[in-house]
Amino acid sequence: MSSVTDLVSRMQGKYDEVLDYFGEDPGMAYDVFFKTLHVFVGAFEHARKEVDEAKRQEELKRKRALADEERKKMIKGKKSVGFGPGAVAGGGGTGAAEGAGDGGGRPRARTTGSDERPGSAA
């Protein structure tokens, strides 16, 4: 029986050390302390998840901004090289300036100088 008494006494001493470590009242009941500890751990886990999610969102936002910047650079580069509307394959300038098309790579309709439509029989 004395060994059980010694174990209980040691356990009470350890419990008092834990209460002191956490800054709790030395007379706090076991159930109150462990419930408080449980609530704290739950709140801490929740806060950690919120921080992790905020970091993940910030990283996603950063990656999107980088991708947008790269996309803008590529679009700007294509415009300066002449890949936009009005560019002609082979780099020969715009077709409209050379009389070859309407600037979009399509041939222009011939004008007849009369009220007739191009290609209609007279």
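Trainee: Which residues do ring pairs link into a cluster?

Mentor: This is a predicted model. A search of the whole structure finds seven aromatic pairs. Ring pairs join these residues into a cluster: Y15, Y21, F22, Y30, F33 and F34.

Trainee: What geometry do Y15 and F33 have as an aromatic pair?

Mentor: A pair of aromatic rings is described by the distance of the centres and the angle of the planes. For Y15 and F33 the centres are 5.9 Å apart, and the planes meet at 85°. Planes over 60 degrees apart count as edge-to-face. The Y15 and F33 pair is therefore edge-to-face.

Trainee: How many residues apart are Y15 and F33?

Mentor: Y15 sits in helix 1, residues 2–21. F33 belongs to helix 2, residues 30–81. The pair links distant parts of the chain, with a separation of 18 residues.

Trainee: Is F33 buried or exposed?

Mentor: Buried means under 20% relative accessible area. Its partner Y15 has 7%, so Y15 is buried. F33 has 3%, so F33 is also buried.

Trainee: Which helix gives the largest share of the nonpolar patch?

Mentor: The patch covers about 640 Å² of surface and is made by M1, V4, V8, M11, Y30 and F34. Helix 1 and helix 2 each supply at least two of its residues. The largest share, three residues, comes from helix 1.

Trainee: Is M1 buried or exposed?

Mentor: M1 is in the segment before helix 1. Exposed means over 50% relative accessible area. M1 has 81% relative accessibility, so M1 counts as exposed.

Technical notes: Residues are numbered from 1 along each chain as its sequence is written. This is a predicted model: local features need pLDDT of at least 70, side-chain atom pairs count only at pLDDT 80 or more; totals for chains, interfaces and linings use all residues. Side-chain values use heavy atoms; hydrogens and water are left out. Rings of Phe, Tyr and Trp (its six-membered ring) pair if their centres lie within 6.5 Å; planes under 30 degrees apart count as stacked, over 60 as edge-to-face and the rest as tilted. Helices (H or I, at least four residues) and strands (E, at least two) are DSSP runs, numbered from the N terminus. Buried means under 20% relative accessible area, exposed over 50%, partly exposed in between (1.4 Å probe, protein chains only). Patches are made of residues with over 30% relative accessible area and no salt bridge: like charges are joined within 9 Å, nonpolar side chains (Val, Leu, Ile, Met, Phe, Trp, Tyr) within 5 Å. Accessible areas come from the Shrake-Rupley method with a 1.4 Å probe; for residues, only the protein chains shown count as cover. A salt bridge is a side-chain nitrogen of Lys or Arg within 4 Å of a carboxyl oxygen of Asp or Glu.
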